[in-house]
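Reader: I have a model open on my screen and would like to talk it through with you. Could you help me find my way around?

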Amino acid sequence: MAAGGSGEDAFQTFYTEVKQIEKRDSVLTSKQQIDRLLRPGASYFNLNPFEVLQIDPEATDEELKKRFRQLSILVHPDKNQDDVDRAQQAFEAVDKAYKMLLEPDQKKKALDVIHAGKEYVEHMMSQKKKQLKKDGKPIDVEEDDPEAFRQAVYKQTMKLFAELEIKRKEREAKDMHERKRQREEEIETQERAKREREWQKNFEETRDGRVDSWRNFQAKGKTKKEKKNRTFLKPPKVKMEQRE
């Protein structure tokens, strides 16, 4: 899944902190959790509901519910009166992630992305090892280290979530444009129908006047024709007698 240079650089900026990611436990303070959920790049990081809740993708529903309760209490605005606005944003992110994982279809989609990220990294590792073997070099790769492997999967997973979100927004924009176009067509059709109705109404209302005008026109024409064709008796001309 190739990405443009600028896109890759943007992602790389987000992942510079990957090796510094907080341990996934509940020891973070309220402020630390709020900072984590609103850190630069959060719009990408928070696309992964498991990342938001700091919970393993294989966690049970009961573990998910328990984790949500713990985290929602930590970032709840009522518990963070000195930072209510940011706490509200963090709480909304936690609530959205939890609700997403409660929906079987949404949870499956998120798991599919995570599995796809893992499979991609495993595939790239396999390709690297094949190339090293072909070159006669040791087939050890960086991702053989469990932590490096986890970070690689994390990075690839975030890319996949981001790409899916971009495509979703593109589809949304396209659908919105199509709905706008259809609405404009509907308005034009309605206005055209309105103009036609008004024309028809005016036509009907002026029909009698047009008929009367036509009849008057015909009557005048007939009168002129009768006058033209009428013959008059003319007196005979008297011839003058010629005198001798």
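**Helices and cores**

Author: A good place to begin is one helix pair in this predicted model: α7 and α8 are oblique to each other, since their axes come within 8 Å and cross at roughly 125°, and an angle between 115 and 145 degrees therefore counts as neither roughly perpendicular nor roughly antiparallel.

Reader: And which hand does the crossing of α7 and α8 have, left or right?

Author: The crossing of α7 and α8 is right-handed.

Reader: Which residues of α7 and α8 meet there?

Author: On the α7 side they include Ala 110, Val 113, Ile 114, Gly 117, Tyr 120, Val 121 and Met 125, and on the α8 side they include Phe 149, Ala 152, Val 153, Leu 160, Phe 161 and Leu 164. Taken by class, the residues of this contact divide into 13 nonpolar, three polar and two charged.

Reader: Stepping back a bit, how many helices and strands does the chain have?

Author: The protein chain has nine helices and zero strands. Of its 244 residues, 27% count as buried, and among contacts with a separation of 6 or more, 65% join residues 24 or more positions apart.

Reader: What about the largest nonpolar core, how many residues does it have?

Author: The largest nonpolar core has 26 residues, and those with the most contacts inside it are Phe 50, Leu 53, Val 75 and Val 94. At least two of its residues come from each of α2, α4, α5, α6, α7 and α8, with α6 giving the most, namely seven.

Reader: I'd like to look at Val 94 more closely; which residues does it touch?

Author: Leaving aside residues up to four places away in sequence, Val 94 touches Leu 37, Val 52, Leu 53, Phe 68, Leu 71, Ser 72 and Val 75. There is also a second, separate core of six residues, which includes Leu 132, Val 141, Ala 152 and Val 153.

Reader: Changing topic, at what angle do α2 and α5 pack?

Author: The angle between α2 and α5 is about 100°, with their axes 8 Å apart, and these two helices are therefore roughly perpendicular to each other.

Reader: Which residues make that contact between α2 and α5?

Author: Ser 30, Gln 33, Ile 34, Arg 36 and Leu 37 in α2 meet Arg 67, Leu 71, Leu 74 and Val 75 in α5. Sorted by class, that contact has five nonpolar, two polar and two charged residues.

Terms used:
Residues numbered from 1 in each chain as written. Predicted model: local features only at pLDDT ≥ 70, side-chain atom pairs only at ≥ 80, totals over all residues. Heavy atoms only, no water. Core = buried A, V, L, I, M, F, W, Y, C linked by side-chain atoms within 4.5 Å. Buried < 20%, exposed > 50% of the residue type's maximum accessible area, 1.4 Å probe, protein only. Helix = DSSP H or I, 4+ residues; strand = E, 2+ residues; numbered from the N terminus. Contact = heavy atoms within 4.5 Å. Axes fitted to C-alpha atoms, helices over the stretch in contact; angles between N-to-C directions. Parallel < 35°, antiparallel > 145°, perpendicular 65-115°, else oblique. Left-handed = near helix turned anticlockwise from the far one by under 90°. Nonpolar A, V, L, I, M, F, W, Y, C, P; charged D, E, K, R; others polar.
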